[in-house]
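Here are a few notes to go with the model, jotted down as I went through it. Have it open beside you while you read.

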Amino acid sequence: MARCLPAAVIIGGIVFDVLTPPKYSSAPFFVSAPLVAASLLSLSATLLAAVAALAAIVTLSLARQAPEVGESVTEVVTVVTVGALAVGINRVVCRGNRRLASVRSVAEAAQRAVLPTPPARIGGLRVAARYVAAQADARIGGDLYAVQDTPYGVRVIVGDVRGKGLGAVEAVAILIGAFREAAEQERTLEGLAARLERALQREGARRANVDQAEGFTTAVLAEVPPGAGALRIVNRGHPPPLLLHSDGTVGDTHPRAPALPLGMGDLGVWPDRVEQWEFPVGSTLLLFTDGVTEARDATGTFYDPRPRLRGKQFRSPDALLDSLTADVARHAGGRTDDDMALLAIRRIDGRLRTAPITHKRPQVTGRTVRLRSPQVHND
């Protein structure tokens, strides 16, 4: 439709000139055609629209029975002037579009580096993830997710950093990096949460963009251990995940004792509480940030995913997230105020396979540290 719009304006000008008395001028139609093309189309299309508009107005001026020479010359000069301006406007618009495309590509590369798409299958689990920005041109923000296959089971984090901008992005990078390392080393979720807390405090003191005074991150840490169909969760002030069972029932994972978000350790020290839930084959764990639950409709009603998912069955985690994000968009009328990060994990195998332990203690004999390869001598 955009490509046809300049031609439609020119045709409309011709029809207007033919059907109206000579005292009515059709010049506004021919002047607007190259301007429309300048903002929507390429340089060649803009030039074509300007030439077509000029040819049309010259032809109509010559075809009039009693042409007004002064008025006709004014109309032609106006179309030529506006056509030249349209070419310049088109160059400015195209340059801006190229810069915007470059910024978008850099932002998308940064998001892929900070929040890489998890594999579709990890051990006996199928995984799907989505990141939906509140603004159409935004590609990265303060929401985060990660999935890690560890010797202690498949571990997951979904979180939401307070604030926006570069500080939130840096906090996301800190948490994802700390999670990747600590998930492989810490035997318990309590230890993993403590490592993330220390990482935020340590890097917050080093980096100027990380808000250490008022910054915090709500997060859910989940673990699917090998063996029995169980699910372990540590909730740090985050919206509780949902458990979608194969029969269409929806269960919640509300923590029995609420905990403060990550990054608020200066307010006090308390033990993290790991809570365990049944996670049988065919069930799906749905984790999300508050961009889902804080989406409002025209009346101000918040979106509640639990009743909307009850009784429904989805063929895959991807289908679940596609349906959920579309439903949130309909509820909010296509406009949301916050980013959304979503993660869906379905158990499809009764015997979960985990990654082998790769970090081993070195054997020390005398003053020589012996590793498999290479050998390191402490002289």
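1. A cut-off before anything else: a residue counts as exposed when its relative accessible area is over 50%, and as buried when that value is under 20%. Keep in mind that this is a predicted model.

2. So where does V18 fall, buried or exposed? V18 has a relative accessible area of 58%, and because the threshold is over 50%, V18 is exposed. The residue sits in helix α1, which covers residues 5-19. V18 also belongs to a nonpolar surface patch with I11, I14, V15 and L19, and together they offer about 480 Å² of accessible area.

3. On to the sheets. One is open and has five strands, ordered β3-β4-β5-β6-β9 with antiparallel pairing. Its edges are β3 (143-150) and β9 (275-278), each of which pairs on one side only. On average, neighbouring strands here are turned by 20° against each other, direction ignored.

4. Inside that sheet, take a look at β5 (residues 217-224) and β6 (residues 230-236): they pair in the antiparallel sense over five bridges. If you want a spot to zoom in on, L221 has V234 in β6 as its bridge partner.

5. The other open sheet has six strands, running β1-β2-β11-β10-β7-β8, again with antiparallel pairing. Here β1 (121-122) and β8 (250-252) are the edge strands, pairing on one side only. Strand β7 (residues 242-244) joins β8 over three antiparallel bridges, and L244 is partnered with V250 in β8.

6. Which helix packs on this six-stranded sheet? Helix α9 (residues 317-331) does, touching β2 (125-132), β7, β10 (284-288) and β11 (340-347). The direction of α9 makes about 25° with that of β2.

Terms used. Residues numbered from 1 in each chain as written. Predicted model: local features only at pLDDT ≥ 70, side-chain atom pairs only at ≥ 80, totals over all residues. Heavy atoms only, no water. Pairing = 2+ DSSP bridges. Helix = DSSP H or I, 4+ residues; strand = E, 2+ residues; numbered from the N terminus. Axes fitted to C-alpha atoms, helices over the stretch in contact; angles between N-to-C directions. Patch = residues over 30% accessible without salt bridge, like charges linked within 9 Å, V, L, I, M, F, W, Y side chains within 5 Å. Areas by Shrake-Rupley, 256 points an atom, 1.4 Å probe, with all protein chains shown as cover. Salt bridge = Lys/Arg side-chain N within 4 Å of Asp/Glu carboxyl O. Buried < 20%, exposed > 50% of the residue type's maximum accessible area, 1.4 Å probe, protein only. Contact = heavy atoms within 4.5 Å.
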